[in-house]
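Hi everyone, thanks for making time this morning. I'd like to walk you through one model, so let me put it up on the screen.

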Protein chains: 2
Amino acid sequence: MANSPGAFTEAQVISRLREIFATTDPRVEIGIGDDAAVVAGTYKRQVMTTDMAVEGVHFRTDWSTAFEIGRKVTAANAADILAMGATPHYLLIAVALTGSEDIKWIEDLAKGIKFEADLAGLQVIGGDLSRSEKIVISMSAIGHCDSPVARKGAKVGDGVYLSSLTGWSAAGLAIMESKLISATDSHAVAVREYKNPTIDYKFDATRATSMCDVSDALVIQAKQMAESSKVAFKFDLSKIQSCSEFVELESLSRAIGMDIWKWIFAGGEDHVLLATGVDLPGILIGEVVVGAGIQNLPTGVETIAWRHF
Amino acid sequence: MANSPGAFTEAQVISRLREIFATTDPRVEIGIGDDAAVVAGTYKRQVMTTDMAVEGVHFRTDWSTAFEIGRKVTAANAADILAMGATPHYLLIAVALTGSEDIKWIEDLAKGIKFEADLAGLQVIGGDLSRSEKIVISMSAIGHCDSPVARKGAKVGDGVYLSSLTGWSAAGLAIMESKLISATDSHAVAVREYKNPTIDYKFDATRATSMCDVSDALVIQAKQMAESSKVAFKFDLSKIQSCSEFVELESLSRAIGMDIWKWIFAGGEDHVLLATGVDLPGILIGEVVVGAGIQNLPTGVETIAWRHF
């Protein structure tokens, strides 16, 4: 009964995790299994972030497999490192389990983390296992860079770009909630983006003047960047409408009867990159102008405020 | 009603946290408020750890104040850095709140974290706020060192040392559970050590051959160190009995009618340092001998096994 919940020890779980996360990276001098991990020093700037995901809030175990959940939380952390113009390197993982998971579920979670970590270039170097009534996964990612790209730095005259179109994750969530899942391509893409957002690991941010990961709504994070940079972001909806991804997402929004602009501007969890600069790759969605705040929002999106505690 | 639960926005909370965690450390180039923090590079080895605490499992809000909870979780993370012979530097904090906390509680949690972080030399550089049914606090600490002290490395002939006596936290927990709280000094010390374990930040581990933070039971972590080092740890109970802290803890265990040896060997959460070497500071509790495992355990402690999931 080695697979039954509770029929395995913490030592056995850690032993399996050490196998799954084994690394041959010579910079990792001490990995999982000691009080802390030890990695080689670097003269480059260190970039550090943390992100927590809670069962029922950020993921549902009846909607997503353990593998998918592991990927998604890892992606969210990797995206924060990318958003500073940095290269992801190391990952620490703290997980609280309920005690009702079998060892296969835990292994699949680890394999999902490992899969996305490999895409991101992250080495898993340490972790912590706890107990909780709901599953909680908290990660910290560490990367490095020569010169960081902050949220401030956008200049008047810059273009505003998305590495990919936002809204797909919200569309996927809407499909899951409405149980309207069909076998059409755009349905599948949206559900996949909700479960496992595609991170633009290859986005070239060399010339970006400011950048941000769109984990919350685009409208919120554009506002933050504009405020930090003491400029205004003026959206160009016709430019957004002309990108090929928009056409695909729009047909999906019509089929479901939902507002595509709310998905795009207020959806969140896409983990695409929002950047300013001249001639950047990605989708041009507006320009940086003199002023404050954000301009030319689609009707119905202006009222979206901060989340309340 | 700015103090009522839910009557404040995430932006307001983050603004207060930025004030509380403000740092003038020139190595912190970008702190709280961007996608990730950016700190200066260092040629020294980087030491990284993560530790999660869950309401009802690791702390109780009716037993500990927010300030005490903040201190304790910070201390646990700092101790893991110390246990590698490293100097703590940076702290990332992910917190899930239930929504029923008022802003004072959140501020007190932050102030407790800041208080212990100052003792440890940790700068809070970033964080994440989430929702959960129970409060969850997950931290990652980053430090650096020239040469790490691992769990392996204990040599036959070394002494086995504790930086302070273990068992006080378990004693405090027993007092809290039995509601036997009295105004005596040893009661107060035990309850304080349960709520806010004293971390031996000044323990000089320069000559230590192996080291570990006693977060779980001493018996478990001594066994891990002996296994990693391919030696045996032989305890000397008479030496433990001769330390002044033992006398104090023993009078407390007699008054409550509990087994002092279980507190010392199986208690956990003291976050003292267990180290091997010659002429180390702290309390000599045994020696490293040829063999495997741990020897000379007190009666009744042998059977303590791994935690089950």
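I'll start with how the two chains relate, then move to the sheet they share, and finish inside chain B. Please keep in mind throughout that this is a predicted model.

So, the two chains. Laying chain A on chain B takes a turn of 180° and a shift of 0.0 Å along the axis, and the RMSD is 0.0 Å. That is the relation of a two-fold axis.

Now the interface. On the chain A side, 62 residues are in contact with 62 residues of chain B. Which element of chain A gives the most to that side? Strand E3 of chain A, residues 45-54, with nine residues. If you sort the chain A side by class, you get 32 nonpolar, 15 polar and 15 charged residues. And 100% of the interface residues of chain A are also interface residues in chain B, so the copies meet through the same surface.

Let's look at the sheet next. Six strands form an open sheet, and if you read across, the order is E5(A)-E4(A)-E6(A)-E3(A)-E2(B)-E1(B), with mixed pairing. At the edges stand strand E5 of chain A, 123-131, and strand E1 of chain B, 28-30; each has a single partner strand, so one side of each is left without a neighbour in the sheet. From one strand to the next, the twist averages 20°.

Where does helix H3 of chain A, residues 103-120, come in? H3 of chain A packs on the sheet and touches E4 and E5 of chain A, and its direction makes about 165° with that of E4(A).

Let me zoom in on strand E6 of chain A, residues 136-145. Nine of its 10 residues are buried, so E6 of chain A is largely enclosed by the rest of the structure. E6(A) pairs with E3(A) in the antiparallel sense, over 10 bridges. Two places to find on your screens: A:Gln46 stands opposite A:His144, and A:Ala53 stands opposite A:Ile137. E6(A) is also joined to strand E4 of chain A, residues 87-97, by nine bridges, again running antiparallel. In that pairing, A:Leu91 has A:Ala141 as its bridge partner.

There is pairing between the chains too. Strand E2 of chain A, residues 37-39, and strand E3 of chain B, residues 45-54, pair in the antiparallel sense over three bridges. There, A:Val39 stands opposite B:Gln46.

Let's move into chain B, starting with two helices. H2 of chain B, residues 66-82, and H3 of chain B, residues 103-120, pack at an angle of about 35°, with their axes 7 Å apart. Their crossing is right-handed. The residues making the contact include B:Ala66, B:Phe67, B:Gly70 and B:Ala78 from H2(B), and B:Trp105, B:Leu109, B:Phe115 and B:Ala120 from H3(B). By class, that contact has 12 nonpolar, three polar and five charged residues.

Next, strand E10 of chain B, residues 273-277. Is this strand mostly covered or mostly open? Mostly covered: five of its five residues are buried. Taken face by face, B:Leu273, B:Ala275 and B:Gly277 are buried on one side, and B:Leu274 and B:Thr276 are buried on the other. E10(B) pairs with strand E7 of chain B, residues 159-162, antiparallel and over four bridges, and there B:Val160 has B:Thr276 as its bridge partner. Four bridges also join E10(B) to strand E8 of chain B, residues 210-213, antiparallel again. Here the bridge partner of B:Met211 is B:Ala275.

Over to helix H5 of chain B, residues 185-195. In this helix B:Ala190, B:Val191, B:Glu193, B:Tyr194 and B:Lys195 are buried. What covers the buried residues of H5(B) includes H2, H4 (168-178) and H8 (244-256) of chain B.

Last stop: a single glycine. B:Gly167 is in the loop between E7 and H4 of chain B. Why does B:Gly167 count as buried? Because 29 C-beta neighbours lie inside 10 Å of B:Gly167. Leaving aside residues up to four places away in sequence, B:Gly167 touches B:Leu249, B:Ile260, B:Trp263, B:Ile264 and B:Gly267.

That's my tour, and I'm happy to go back to any view you'd like.

Notes. Residues are numbered from 1 along each chain as its sequence is written. Chains are lettered from A and ligands numbered from 1 in the order in which they are written. This is a predicted model: local features need pLDDT of at least 70, side-chain atom pairs count only at pLDDT 80 or more; totals for chains, interfaces and linings use all residues. Axes are lines fitted to C-alpha atoms, for helices over the stretch in contact, and angles run from 0 to 180 degrees between N-to-C directions. A crossing is left-handed if the near helix is turned anticlockwise from the far one by less than a right angle, and right-handed if clockwise. Two residues are in contact if their C-beta atoms, placed from the backbone, lie within 7 Å. Ala, Val, Leu, Ile, Met, Phe, Trp, Tyr, Cys and Pro count as nonpolar, Asp, Glu, Lys and Arg as charged, and the others, Gly among them, as polar. A residue is buried if 20 or more other C-beta atoms lie within 10 Å of its own, exposed if 12 or fewer, and partly exposed in between; C-beta atoms are placed from the backbone. Two strands pair if DSSP finds at least two bridges between them. Copies are superposed by least squares on the C-alpha atoms of residues with pLDDT of at least 70 in both.
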